[in-house]
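Dear colleague,

I am passing on the structure below, together with some notes on the pockets found in it. Please read the notes with the coordinates open beside them.

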Amino acid sequence: MNSIAKRLAQIRTRITQAEQDYQRPPGSVKLLAVSKTRPLADLQALRALGQQRFAENYLQDALPKIATLNGDIDWHFIGPLQSNKTRPVAEHFHWLHTLERLKIARRLNDQRPASLPPLNVCIQVNISADPNKAGLTPEAAETLANELAELPRLRLRGLMTLPRREQDFERQRRPFRELHGLYQQLCQSGFELDTLSMGMTNDLEAAIAEGSTLVRVGSGLFGPRKPVQ
Ligand SMILES: *Cc1c(COP(=O)(O)O)cnc(C)c1O
């Protein structure tokens with residue numbers, strides 16, 4: 001097996017094992033391959049192995065890949081999004097995970113082509129209130145969720161978080177548990193959500209233990225990333 005095939009098998013095993021260990025239904029956690037900065041050939045190799053969800057952080061890096069790689073792929077945008085860059089996301093992606101402003105939501109709603117289904121969105125929550133991280137407070141996330149109800153070309157699917165990097169398992173679990181709590185609260189208020197986007201290479205078991213439905217894995221699939229210049 002080549003290294004991408006080997007890494008994919010390892011990540012799938014980690015997900016399946018964590019589903020078992022934490023009494024999650026088999027198949028309830030999906031794998032999102034974070035392909036930022038990776039060459040097209042690596043994405044093609046992963047696609048050939050059956051991986052169908054890919055995530056990108058930088059538009060100029062992502063758009064040529066989207067144009068070239070064909071065949072039933074769901075593209076997720078997981079990078080920071082400025083209001084002057086919304087159009088390519090509205091036109092070329094299926095999902096946005098980093099929504100945190102109504103102004104951006106309105107632009108995406110206006111720019112989403114009528115020929116496409118609504119854009120799936122997750123609200124990014126800064127659950128550990130880390131001053132160095134993007135995302136809304138839980139209160140602001142709830143306000144934005146209510147405002148999105150007016151925007152028919154967006155479909156709110158759930159919440160996303162990117163907590164501070166921790167090595168200790170219990171410390172990893174804490175922010176994920178809190179995000180799950182907010183998710184349940186929104187579901188109880190009537191939002192029909194099905195996505196908790198949390199967990200990466202380093203902490204996917206902790207995220208699955210706390211209810212993640214979508215883990216975003218980069219280096220675990222593609223190998224160590226070169227630092228961005
Ligand atoms: C890069 C990135 C990931 C993947 O991180 P790894 O540690 O390489 O698995 C996940 N989520 C976001 C938002 C990222 O930017």
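Helix 1 (3–21) and strand 1 (30–34) each contribute at least two residues to the lining of the second largest pocket, and, as this is a predicted model, what follows should be read with that in mind. Helix 1 provides the largest share of that lining, namely four residues. The second largest pocket, whose volume is about 200 Å³, is lined by Arg12, Ile15, Thr16 and Glu19, together with Gly27, Val29, Lys30, Leu31, Gln51, Gln52 and Arg53. Sorted by class, the lining of the second largest pocket comprises three nonpolar, four polar and four charged residues.

Turning to the largest pocket, its volume comes to about 650 Å³. There are 30 residues in the lining of the largest pocket, and those closest to its centre are Lys36, Asn57, Ile78, Leu162 and Met200, which may be a convenient set to display when you inspect the site.

Which strands each supply at least two residues of the lining of the largest pocket? They are strand 4 (95–99) and strand 8 (214–217), and of the elements that contribute, strand 4 gives the most, with three residues. As to the character of the lining of the largest pocket, 14 of its residues are nonpolar, nine are polar and seven are charged.

With best wishes

Technical notes: Residues numbered from 1 in each chain as written. Predicted model: local features only at pLDDT ≥ 70, side-chain atom pairs only at ≥ 80, totals over all residues. Heavy atoms only, no water. 1 Å grid on protein atoms, 1.4 Å probe; cavity = no way out; pocket = protein on both sides within 12 Å on 5 of 7 lines; lining within 4 Å. Points joined across faces, edges and corners; volume = space filled by probe spheres on them. Nonpolar A, V, L, I, M, F, W, Y, C, P; charged D, E, K, R; others polar.
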